[in-house]
Amino acid sequence: MELRLLKSKLFKRVSATYQRALHNPAKVQEDLLKHILHHNRETAYGRKYGFAAIKSIEEFQEKVPVVTYDDLFPYVECMLQGMRNVLVKDKVVFFATTSGTTSKPKLIPVTNVRKQQLQQELLLWLSFMAKRGLLKGIRGKTLYFAGPFREEVSMGGTLMGSISGYMAWKSPVWAKSKLVVPPEFYNEMDFDKKTRMIALKALATRNITQIGFAAPIEAILFFDYVKKHKRSLLKELERLGKNHRVRQLAKLTDFSPGRIWPRLSLINCIKSETNMPYLEVVEEKVGLPGLVIRDPGIFASEGRLTLGITDHDRAGVLVAQENFFEFMELAGEVYKAPVTIEKVKRGRKYKVILTTQEGLYRYDIGDVVEVVDFKGKLPVVRFVQRDNFLNIVGEFSPENQLLAAMDAVAGRLGVSYEGYTFIPYTRDLERRPCYEVLLEPKGDLDDEEVRRLMRELDKELVSRIQDYRQMRQEFGRLGHLRVSLVRRGSYELLAREQLSRSGQPKPVRVAKDASFRDRFAIEKEFFAG
């Protein structure tokens, strides 16, 4: 089937479009932007910013502002009520919810364009895998983990939920036929029940050759569940009439994924800095030599940025044929004016500004990427960080520096943890605000060990982040960092909640909203003075 698809007329059209982007991305981007503006010129947003009169990229940048979700929310509210022609001409068929640090998710409009883009992406990926001799990983069945695509329904009657589940639900027939788990299973909101439903489907299927997930913790939790509940799962499979498969599984003395699914050869997972240590655990648990782990590229609720069809282990090629990109170079802690795709340089870091075919125009997605290479003339980029800072009193402490400080101190002191989060602490208005670290350690820490961690971490931030040092020492606006220990199991519970709600458990290492603290039961608080 795979080879037939690669000989189809559809693939030839998709490949031709991609080849044009490889050879002349600037022209492809210019044409795409003109199409987006012309198509949406009569929307409320298009009329406000004069889309019909914009004739060039330069005019677009002059007339249309860079925006965040907060700027677009009034428009989204109208769309949620069923209003048409607000941000986009095409009918909005879905609102993708994004997991964040606050209780209210962002709601991103999705049209049928996304379904068309998915089919094109899958065909390009299939072609790449064929050229690299990796088709055996996709000739069998795929065990894919995703979130619920039916969380709620808007006032206007539009589904709202996880983009990962929605994409599985709306995937082409040939791709959906390979999924072990029916997409409807993802809508089960009880995490344990959903895990059991998926486990039964997966155990009944011997020919699983590929596993896909957003975060390795999903696979780790799943593998552990299957091993722990082996006896009851096999009994249930027997009741379901899967006797032959039960006899196969019952013979296994080693109930590891590699023994359960011996043809497993491919794993798709984002190879972020956070994920890499967990991927090592996944490899160890699978226990199969020659297991290939591929990064599928950067995909967000707002749209795809890159596709993992390069030989770079943790980088992907920009999808210039799908979305219009602008790039703001990161120079120190300041961003330069946006430039277009042909002006980016290898080795430079940029914040991505995204214009999509689904109603986002010059949208600050918050992702910072680094250009590591070029494929043809298309930039190949890797994810660096989410553009996330803590800022209480005018300081800008970048997320990556906060994480690096924690890693350095924890490494020196030999402290390991299940999870942690930096948040602003502003509860005591009689004291200077400060940073608070919510911490769930592995094992026990005595009070003096926690206090030492607190002192060393504050010193590390002073040495690493100039703004923090200035606000702590020179301006005296920030108080000493504090640490609060949370109840055991809190971060696993958070991951389970994210899996149930969005299908994408993202470690929340920095939360700008102090109310994030309310999600946890605080066992003990430590503060200086």
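Start by selecting Phe149, which is buried, with a relative accessible area of 0%. Keep in mind along the way that you are looking at a predicted model.

**Stop 1: a stacked pair of rings**

With Phe149 still selected, add Trp169. The two form a stacked aromatic pair, with 4.4 Å from centre to centre and 10° between the planes. Those are the two numbers to look for, because a pair of aromatic rings is described by the distance of the centres and the angle of the planes.

Now colour the surroundings of each ring. Phe149 sits in the loop between strand 3 (141–144) and strand 4 (152–153), while Trp169 belongs to helix 8 (residues 163–169), so this pair ties together parts that are 20 residues apart in sequence.

**Stop 2: an edge-to-face pair**

Next, select Tyr417 and Tyr420. Their rings make an edge-to-face pair, 4.9 Å centre to centre, with 85° between the planes. Is Tyr420 buried or exposed? Tyr420 has 2% relative accessibility, so it counts as buried.

**Stop 3: a cluster of rings**

How many aromatic pairs does a search of the whole structure find? The search gives 20. To see several rings together, select Tyr45, Tyr49, Phe51, Tyr75 and Tyr361, which ring pairs link into a cluster.

**Stop 4: two helices side by side**

Show helix 11 (residues 216–228) and helix 15 (residues 275–286) as ribbons. They pack at an angle of about 30°, and their axes are 8 Å apart. Angles under 35 degrees count as roughly parallel, and helix 11 and helix 15 are therefore roughly parallel to each other. The crossing of helix 11 past helix 15 is left-handed.

Switch on the side chains where they touch. From helix 11, pick Pro216, Ala219, Ile220, Phe223 and Asp224; these meet Asn275, Tyr278, Leu279, Val281, Val282, Lys285 and Val286 of helix 15. Sorted by type, the residues of this contact are nine nonpolar, one polar and two charged.

**Stop 5: Leu461 and its contacts**

For the last stop, go to helix 17 (residues 447–464) and select Leu461 there. Leu461 counts as buried, at 0% relative accessibility. Which residues is Leu461 in contact with, leaving aside its neighbours within four places in sequence? Select Leu402, Ala405, Phe422, Tyr435, Tyr468 and Leu481 to show these contacts of Leu461.

Finally, draw a distance line from the C-alpha atom of Leu461 to that of Lys106. The line spans 31 Å, and the two residues are 355 residues apart along the chain.

Methods
Residues numbered from 1 in each chain as written. Predicted model: local features only at pLDDT ≥ 70, side-chain atom pairs only at ≥ 80, totals over all residues. Heavy atoms only, no water. Axes fitted to C-alpha atoms, helices over the stretch in contact; angles between N-to-C directions. Helix = DSSP H or I, 4+ residues; strand = E, 2+ residues; numbered from the N terminus. Parallel < 35°, antiparallel > 145°, perpendicular 65-115°, else oblique. Left-handed = near helix turned anticlockwise from the far one by under 90°. Contact = heavy atoms within 4.5 Å. Nonpolar A, V, L, I, M, F, W, Y, C, P; charged D, E, K, R; others polar. Phe/Tyr/Trp six-rings, centres within 6.5 Å; stacked < 30°, edge-to-face > 60°. Buried < 20%, exposed > 50% of the residue type's maximum accessible area, 1.4 Å probe, protein only.
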